[in-house]
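Reader: I would like to learn how to read strands, cores and ring contacts in a model. Could we go through one together?

Author: Gladly; let us start with the strands and work outwards.

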Amino acid sequence: MSVPLVTVVIPTYNAADLVIETLASALAQTLPEVEFLVVNDGSTDHTAERLAEIADRRVRVITQPNAGVGAARNRGLDQAQGRYVAFLDHDDLWLPRKLEVQVAFFQEHPQCAGVGVPWAKTSRLSQ
């Protein structure tokens with residue numbers, strides 16, 4: 001892949017099953033120029049093994065000692081190569097056109113520095 005348009009940063013800690021489902025929703029994005037950085041923040045469950053099973057050249061797993069979600073997001077941000085960066089928590093899911101719609105908005109409104117998405121539900125953990 002050349003330089004990606006968007007980098008998606010997914011921090012995770014001890015969420016082996018959740019992060020795989022979250023990553024699947026991210027990989028289903030209709031926008032083609034996307035890289036995915038999953039930052040494994042020192043998980044002690046089977047997160048590392050589950051992530052190692054992902055065979056998609058757009059996905060890069062970064063492993064670090066546990067330092068908290070903020071440090072994991074910052075590590076992903078440091079490694080991001082995309083023009084835009086999107087953060088996705090390991091217990092959330094995206095609809096397939098999310099990034100496509102947001103990038104189109106940025107391109108139509110170049111003065112805009114960021115966008116947020118209102119949530120109809122909180123994370124799957126709280127259900």
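Reader: Which residue stands opposite Val 6 in β4?

Author: One thing to keep in mind is that this is a predicted model. Opposite Val 6, in β4, stands Tyr 84. The two strands, β1 and β4, run parallel and are joined by four bridges.

Reader: And in what sense do β1 and β2 pair?

Author: Their pairing is parallel, over seven bridges. Two partners help you find the register: Val 8 has Phe 36 as its bridge partner in β2, and Ile 10 has Val 38. Between these strands the chain passes through α1, making a β-α-β crossover that is right-handed.

Reader: Which strand pairs with β2 over six bridges?

Author: That is β3, residues 59–64, again in the parallel sense. Here Leu 37 has Arg 60 in β3 as its bridge partner. With helix α2, residues 47–52, the strands β2 and β3 make a right-handed β-α-β unit.

Reader: How should I read the two faces of a strand? Which residues of β1 point one way, and which the other?

Author: The general idea is that side chains in a regular strand alternate between the two faces of the sheet. In β1, Val 6, Val 8, Ile 10 and Thr 12 point one way, while Thr 7, Val 9 and Pro 11 point the other way. Seven of the seven residues of β1 are buried, so this strand is largely enclosed by the rest of the structure.

Reader: Which residues cover the two sides of β2?

Author: On one side are Val 34, Phe 36, Val 38 and Asn 40, and on the other Glu 35, Leu 37, Val 39 and Asp 41, all of them buried. Because eight of the eight residues of β2 are buried, this strand too is largely enclosed by the rest of the structure.

Reader: Now the interior. How many residues does the largest nonpolar core have?

Author: A nonpolar core is traced through buried nonpolar residues whose side chains are joined. The largest one here has 22 residues, and those with the most contacts inside it are Val 6, Val 8, Leu 23, Phe 36 and Leu 99. At least two residues each come from β1, α1, β2, β4 and α4. The element that gives the most is α1, with five residues. Apart from this core lies another, of five residues, including Val 9, Val 39, Ile 62 and Ala 72.

Reader: What is Val 6 in contact with, leaving aside neighbours within four places in sequence?

Author: Its contacts are Leu 31, Glu 33, Val 34, Glu 35, Gly 82, Tyr 84, Ala 86, Leu 99 and Val 103.

Reader: Could you show me a residue in α1 too? Is Ala 26 buried or exposed?

Author: Ala 26, in helix α1, counts as buried, at 0% relative accessibility. Beyond its neighbours within four places in sequence, Ala 26 is in contact with Phe 36, Leu 88 and Trp 94. The C-alpha atoms of Ala 26 and Phe 36 are separated by 8.1 Å, with the residues ten apart along the chain.

Reader: Let us turn to rings. Which residues form the aromatic pair?

Author: The structure holds one aromatic pair. Tyr 84 and Phe 106 form it, and they are stacked, with 4.9 Å centre to centre and 15° between the planes. Tyr 84 is in strand β4 and Phe 106 in helix α4, so the pair ties together parts 22 residues apart in sequence. Both residues are buried.

Reader: Which charged end sits over the ring of Trp 94?

Author: That of Lys 98, 4.4 Å from the ring centre. Trp 94 is also touched by Phe 87, which has Val 9, Arg 73 and Leu 77 as further contacts when residues up to four places away in sequence are not counted. Phe 87 lies in strand β4 and is partly exposed, with a relative accessible area of 40%.

Reader: One last feature, the backbone. What is the phi of Asn 14?

Author: As a general guide, most residues other than glycine have a negative phi. Asn 14 has a positive phi of about 50°, although it is not a glycine. You will find Asn 14 in the loop between β1 and α1, where it counts as partly exposed at 30% relative accessibility.

Definitions and conventions:
Residues numbered from 1 in each chain as written. Predicted model: local features only at pLDDT ≥ 70, side-chain atom pairs only at ≥ 80, totals over all residues. Heavy atoms only, no water. Core = buried A, V, L, I, M, F, W, Y, C linked by side-chain atoms within 4.5 Å. Buried < 20%, exposed > 50% of the residue type's maximum accessible area, 1.4 Å probe, protein only. Contact = heavy atoms within 4.5 Å. Phe/Tyr/Trp six-rings, centres within 6.5 Å; stacked < 30°, edge-to-face > 60°. Lys NZ or Arg CZ within 6 Å of the ring centre and 35° of its normal. Pairing = 2+ DSSP bridges. Right-handed = clockwise from strand over helix to strand, strands pointing away.
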